[in-house]
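Please open the structure in your viewer and keep the selection tool at hand. We will take it one stop at a time.

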Amino acid sequence: MENIAPALLEWFYKNQRILPFRTDPSPYHVWLSEIMLQQTRVSAALPYYERFLAALPDIPALAACEEEKLHKLWEGLGYYNRARKAQESARVIAARGGVWPDTVEGLLALPGIGDYTAGAIASISFGLAVPAVDGNVLRVFSRLYNDPGVITEPAVKRAFTARVMEHQPPEKAGDYNQALMELGALVCVPNGAPLCEQCPLASLCEARRAGTALELPHKAAPKARRIEPVTVVLAEDAEERFLLQQRPQKGLLAGLWQPLLWEGEALSAEEVCARLEALGLACEGIEPLPAAKHIFSHVEWHMTGYRVRLRHEIPKSYIAAAKEELKTIYALPNAFGRYTKMIE
Ligand code: SF4
């Protein structure tokens with residue numbers, strides 16, 4: 001395999017998408033974009049990225065941001081733990097006088113930053129000749145070499161990373177890394193057939209020659225997700241305020257707001273009213289809502305929903321949120337999207 005960099009870079013300079021974090025690749029911008037793009041498509045993440053930067057333009061602003069505001073800015077992106085870790089990192093950097101670590105090891109020591117993000121910041125923002133290997137890059141190399149290695153295995157990933165580095169021009173490390181990611185995102189795509197006729201590496205590609213591109217890369221079979229029944233209750237008082245709970249600070253959707261919820265149980269209407277009575281909340285009326293499902297990485301919530309009219313005002317010992325406050329103050333995770341839409 002000859003050096004792929006010249007053809008790849010030429011293609012990248014002509015075809016790369018103009019993205020705000022490419023126009024100004026400061027470490028803050030590259031870092032934020034990489035965090036947001038984990039599990040999220042570029043087109044979906046861009047409006048969040050721009051809104052987030054407008055509200056929190058730099059490290060001191062993110063470090064000082066109140067939790068509710070941070071959750072609100074992240075609302076819709078999911079994986080709130082990423083926002084929390086980002087703020088922890090911002091506080092570490094702020095405590096260093098706003099100076100970023102400029103080595104991969106220093107970046108890896110920041111909360112929530114793994115190999116890929118550290119490599120992206122170090123190569124794109126600081127110009128260091130280091131790898132930034134994500135799923136896109138692994139897919140391209142798996143096909144380019146027609147390599148059946150299982151890319152979810154650490155040893156295979158290390159071997160692929162070594163190959164990526166064999167081709168990296170040290171003076172253009174950031175562009176080369178981005179070009180590989182871009183090729184994987186736009187041409188050597190994950191779903192459906194790769195667009196080989198548009199690929200600058202087509203003449204070198206062994207999977208294309210062998211007709212195996214669609215079968216690659218090989219991955220370990222995902223673990224089966226646990227199915228968990230959950231009962232969601234939109235409990236509303238006569239003032240049209242909804243009862244909210246805050247989730248525990250650790251675990252799934254840590255620290256976020258939710259409607260009344262019972263995990264592990266699909267309750268009947270009678271059982272819900274009995275549970276509410278036990279909490280000192282009398283049920284005036286109850287209607288079933290459509291079932292809903294939310295898929296997390298390791299668990300699926302199968303939700304049974306109810307809307308309840310409470311006989312009395314929500315007691316002061318609970319959080320009661322008016323409809324407007326649900327939009328402006330309290331960030332409810334996407335998991336409840338089907339039900340929160342009904343409130344609106
Ligand atoms: Fe991917 Fe096709 Fe390019 Fe090979 S030729 S790297 S399979 S897009």
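A word on terms before the tour: helices here are DSSP runs of H or I with at least four residues, numbered from the N terminus. Please also keep in mind that this is a predicted model.

**The whole chain**

Start with everything shown as a cartoon. The protein chain has 16 helices and 7 strands. Its C-alpha atoms fill a box of roughly 75 × 50 × 30 Å along the principal axes. Now switch on the surface: the accessible area comes to about 16,700 Å², and carbon and sulfur atoms hold 53% of that. Of the 344 residues, 49% count as buried. Among contacts in the chain with a separation of 6 or more, 67% are between residues 24 or more positions apart.

**Stop 1: helix 3 and helix 4**

Select residues 27-37, which form helix 3, and residues 42-55, which form helix 4. Two packed helices are described by the angle between their axes and the distance between the axes. At what angle do helix 3 and helix 4 pack? The angle is about 135 degrees, and the axes are 10 Å apart. Helix 3 is therefore oblique to helix 4. The crossing of helix 3 past helix 4 is right-handed.

Next, show side chains at the contact. From helix 3, pick Y28, H29, L32, S33, M36 and L37; from helix 4, pick V42, A45, Y48, Y49, F52 and L53. By type, the residues of this contact comprise 10 nonpolar and 2 polar, with no charged ones.

**Stop 2: helix 9**

Move on to residues 115-125, helix 9. Is this helix mostly covered or mostly open? Helix 9 is mostly covered, with 9 of its 11 residues buried. To see them, select Y116, T117, A118, G119, A120, I121, A122, S123 and I124. The partners that these buried residues pack against are helix 3, helix 8 (104-108) and helix 12 (173-186), so keep helix 3 from the previous stop on screen.

After helix 9 comes G127, where phi is positive, near 70 degrees.

**Stop 3: backbone oddities**

Most residues other than glycine have a negative phi, and most peptide bonds are trans. The next three selections depart from that pattern.

- N146: look in the loop between helix 10 (135-144) and helix 11 (154-166). Although N146 is not a glycine, its phi is positive, about 50 degrees. N146 counts as partly exposed because its relative accessibility is 27%.
- E240: this residue sits in the loop between strand 1 and strand 2 (241-246). Phi of E240 is positive too, near 60 degrees, and E240 is a residue other than glycine. With a relative accessible area of 45%, E240 is partly exposed.
- P217: find P217 in the loop between helix 13 (206-210) and strand 1 (226-236). The peptide bond joining L216 and P217 is cis, with omega of about 5 degrees.

**Stop 4: E270**

Finish by selecting E270 in helix 14, residues 269-278. Is E270 buried or exposed? E270 is exposed, since its relative accessible area is 60%, and the cut-off for exposed is over 50%. Then add C283 and draw a distance between the two C-alpha atoms: E270 and C283 are 10.0 Å apart in space and 13 residues apart in sequence.

Conventions
Residues numbered from 1 in each chain as written. Predicted model: local features only at pLDDT ≥ 70, side-chain atom pairs only at ≥ 80, totals over all residues. Heavy atoms only, no water. Axes fitted to C-alpha atoms, helices over the stretch in contact; angles between N-to-C directions. Helix = DSSP H or I, 4+ residues; strand = E, 2+ residues; numbered from the N terminus. Parallel < 35°, antiparallel > 145°, perpendicular 65-115°, else oblique. Left-handed = near helix turned anticlockwise from the far one by under 90°. Contact = heavy atoms within 4.5 Å. Nonpolar A, V, L, I, M, F, W, Y, C, P; charged D, E, K, R; others polar. Buried < 20%, exposed > 50% of the residue type's maximum accessible area, 1.4 Å probe, protein only. Areas by Shrake-Rupley, 256 points an atom, 1.4 Å probe, with all protein chains shown as cover.
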